[in-house]
Amino acid sequence: MIVVNVKENESIEKALKRFKKKFDRTGAIRELRSRQHFEKPSVKRRTEVIKAAYKQHLRDEEGK
């Protein structure tokens, strides 16, 4: 359960923003979307490899 303490004289918008940030860090939405359909382990591995290669390519381009 996520708890966000609202400080005195703090706007609701700021507290809501902190809540959203904490909620995003839990990864609940990401997990919910991944559970909506079954993905074979081999396909999951393949997508992870493709993502890793893409990230490595971006890091290589940044280093130049």
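Okay, let's start with glutamate 10: if you skip its neighbours within four places in sequence, what does glutamate 10 touch? The contacts are Asn5, Ala15 and Arg18. One thing to say up front is that this is a predicted model.

So where are we along the chain? Glutamate 10 sits in the segment before helix H1, and that helix covers 12-26. Its side chain also reaches back to the backbone nitrogen of lysine 7, at 2.9 Å. And is glutamate 10 buried or exposed? Glutamate 10 comes out with a relative accessible area of 18%, and because the cut-off for buried is under 20%, this residue counts as buried.

Keep that in mind for the whole-chain number: of the 64 residues, 5% count as buried.

Now go to asparagine 9, which is in the segment before H1 as well. Here the relative accessible area is 80%, so asparagine 9 is exposed. If you like checking backbone torsions, have a look at phi for asparagine 9: the value is near 60°, which is positive, and the residue is not a glycine.

Okay, zooming out. How many helices and strands do we have? Three helices and zero strands, and reading along the sequence you get α-α-α.

Then the overall dimensions. For a compact globule of 64 residues you'd expect a radius of gyration near 11 Å, but this protein has 18 Å. If you put the C-alpha atoms in a box along the principal axes, that box is roughly 50 × 40 × 15 Å.

On the surface side, the accessible area comes to about 6,600 Å², and carbon and sulfur atoms account for 55% of that. For the electrostatics people, there are 19 positive and 10 negative charges, and the mean positions of those two sets are 4 Å apart.

Last stop is helix H3, residues 41-63, and aspartate 60 inside it. How far is the C-alpha atom of aspartate 60 from that of serine 42? The separation is 27 Å, for two residues 18 apart along the chain. As for exposure, aspartate 60 has a relative accessible area of 44%, so this one is partly exposed.

To put the three residues I picked next to each other on your screen: glutamate 10 is buried, asparagine 9 is exposed, and aspartate 60 is partly exposed. That's what I had, over to you.

Conventions: Residues numbered from 1 in each chain as written. Predicted model: local features only at pLDDT ≥ 70, side-chain atom pairs only at ≥ 80, totals over all residues. Heavy atoms only, no water. Helix = DSSP H or I, 4+ residues; strand = E, 2+ residues; numbered from the N terminus. Buried < 20%, exposed > 50% of the residue type's maximum accessible area, 1.4 Å probe, protein only. Polar contact = N/O pair within 3.5 Å; in protein donor to acceptor, adjacent residues only side chain to side chain. Contact = heavy atoms within 4.5 Å. Rg over C-alpha atoms; globule rule 2.2 N^0.38 Å. Areas by Shrake-Rupley, 256 points an atom, 1.4 Å probe, with all protein chains shown as cover. Lys, Arg positive; Asp, Glu negative; His and termini not counted. Charge placed at Lys NZ, Arg CZ, Asp CG, Glu CD.
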